[in-house]
Each structure stands twice: as structure tokens, then as C-alpha cells.
Amino acid sequence: MRIGFSEAATPFESASQTARVETEDWAGTNMFCLNCGCPRLNRYTANKPVADLYCTECGDQYELKSQSRAFGRKVMDGAYETKINRLRSDTSPNLILLQYNRKRRTVENLKVVPRYFFVPQAIERRAPLSLTARRAGWVGSNILLDRIPASGQIAVIQSGIVRNRSHVLEEWNRLRFIQEKRGDARGWLLEVMRCLQNMGQSDFSLADVYCFEQELAAVYPRNNNVRPKIRQQLQVLRDGGFLEFLGNGRYRLR
Ligand SMILES: [Zn+2]
């Protein structure tokens, strides 16, 4: 994998348009499929709603977001309805977050979020476009990156350094157990996972996790059994090899 963009830079109307073409071109030449390890991804020829690249081996799709500044709390995405429908039918694409260096024309940081990390609480509905806009009434979406657990953002390039591919694939494979959960079950699992990682400590007690009770109740206001739900997620995370039970209500992230 090379981190530099191709030499033949074509001038486009705007800098953002040039960057989009260059980063898409880069991904089509340099990116591999994290889902099956296939050494390359293919670009869709026509404009596809919510996907830019795909793998011919496993069929996984990828959406590419690129920008020159670091990614913040949220990233703007396509039509809200489309996003939610794909999420409900479990056909969301994986998300590539590419941060480039405009001057050096290289990829600085690149992370990939597996498609099954996209649950309703990670997608925000934007206000409809005003009546004076060209696409009046159109409703877009934001992907809320801060709702996605840290382990669901797998680094491929960090500060211009390409990470060992087998380590990347290993990290991806460790998360596969999440795929087996559907709907709210997956939502709960990811919420608890996010809370655990936000604690910033690998060893913790059940009481520590219960500190998130209010926060989780706010996400699922119709659920009155937040504590049993939390304990259930801890078991799923243990069975998935993500968490260790140390006994006496103590846990450790693996
Ligand atoms: Zn693949």
C-alpha cells in the first residue's frame, strides 16, 4: 500500500472535487477488503447511492469519506431515508474515513468502520433543505462518530504509517460476533461497548458500568430493565471474547 496519490493530477473546478477524485482513485488502487482480505477493492463506475467501492470476492460495499481535517463528532452523509432503510435491511456499507494531507498529497490517517456498527442511534436526521434550495425538502443525515465504539474504528493508516495488514484483519475478525445480533439487540450491545471503552480503563466493576444507567435509559426510554440489559450485554461481550469475567463483579476488557 502506498500513501501517496497518483502523479497525474487532473485539474477540476474546485479543490474539494479534485480531492474526491484523487482519494477515490487512491482507494481503488490501494485499499484491500477488510472483510475477506482480498487485496483490492473495485470502484463503482456510476454514482451509487451510499457506496463507492466494493469487493468482488465477498460482495462487501464501502462508502468513502475523505477530508483534509481530522474527523470530528459527526460526518455528513446522504439521504436519511436511504441510510435508515439500508441499516434496517442490514445492508449498510462499511465506512472508510480518510484524512489526507493536501500539500503532500498523501493519506495521513485512514480508519474503517464495519457496516454492522451502524445502528439507528448512530445516524442523525438533518433538517429538511429550505424551500428556496434546489432540492427543497430533501432530508440528509449525519453519521455520529462519537456513538461508534472506539474498537469499531479500525485504523489502517496512522500518521502516515501503514499498519501491518494481518493485525488489521485480526482486529476486524474479532468484532464479527456483533454481526449475529440484530435490531435492538445489536444497538444495546454497541451502546454498552461504547460506554465500557469511554471509561478509559480496562479493569472495572459492575457498579462502574451501572454509572451509565441514565445515559442508556435515555437511548432506550421504553426499557425499564436497564440493569439486567447491561448484565446481558456483558455476557454477550464475554462470549464474543471481548471481555473477561474476573469474578466478584469485576471485569476486564481484552
Ligand atoms: Zn471482501
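Which residue in E13 is the bridge partner of Ser 205? Keep that pair in mind while the tour moves from the whole chain down to one sheet of this predicted model.

Begin with the entire chain selected, where the secondary structure comes to seven helices and 13 strands. The radius of gyration is 20 Å, close to the 18 Å that the globule rule gives for 254 residues, so the chain is as compact as a globular protein of that length. Along the principal axes, its C-alpha atoms fill a box of roughly 65 × 50 × 35 Å, and buried residues make up 27% of the 254 residues.

Next, colour residues 15-178 as domain 1 and residues 184-253 as domain 2, following the domain assignment. Their C-alpha centres lie 27 Å apart, and the contact between them takes twelve residues from domain 1 and ten residues from domain 2. On the side of domain 1 that touches domain 2, there are eight nonpolar, two polar and two charged residues.

Now select strands E11, E13 and E12, which in that order form an open sheet with antiparallel pairing. Strand E11 (203-205) and strand E12 (243-247) stand at the edges with a single partner strand each, so one side of each is left without a neighbour in the sheet. Neighbouring strands here are turned by 30° against each other on average, direction ignored.

Zoom in on E11 and strand E13 (residues 250-253), which pair in the antiparallel sense over three bridges; the partner of Ser 205 in E13 is Arg 250.

Finally, add helix H7 (residues 226-239), which lies across E12 and E13 and runs at about 115° to E12.

Key
Residues are numbered from 1 along each chain as its sequence is written. This is a predicted model: local features need pLDDT of at least 70, side-chain atom pairs count only at pLDDT 80 or more; totals for chains, interfaces and linings use all residues. Helices (H or I, at least four residues) and strands (E, at least two) are DSSP runs, numbered from the N terminus. The radius of gyration is taken over C-alpha atoms; the globule rule is 2.2 Å times the number of residues to the power 0.38. A residue is buried if 20 or more other C-beta atoms lie within 10 Å of its own, exposed if 12 or fewer, and partly exposed in between; C-beta atoms are placed from the backbone. Domain bounds come from an automatic or database domain assignment. Two residues are in contact if their C-beta atoms, placed from the backbone, lie within 7 Å. Ala, Val, Leu, Ile, Met, Phe, Trp, Tyr, Cys and Pro count as nonpolar, Asp, Glu, Lys and Arg as charged, and the others, Gly among them, as polar. Two strands pair if DSSP finds at least two bridges between them. Axes are lines fitted to C-alpha atoms, for helices over the stretch in contact, and angles run from 0 to 180 degrees between N-to-C directions.
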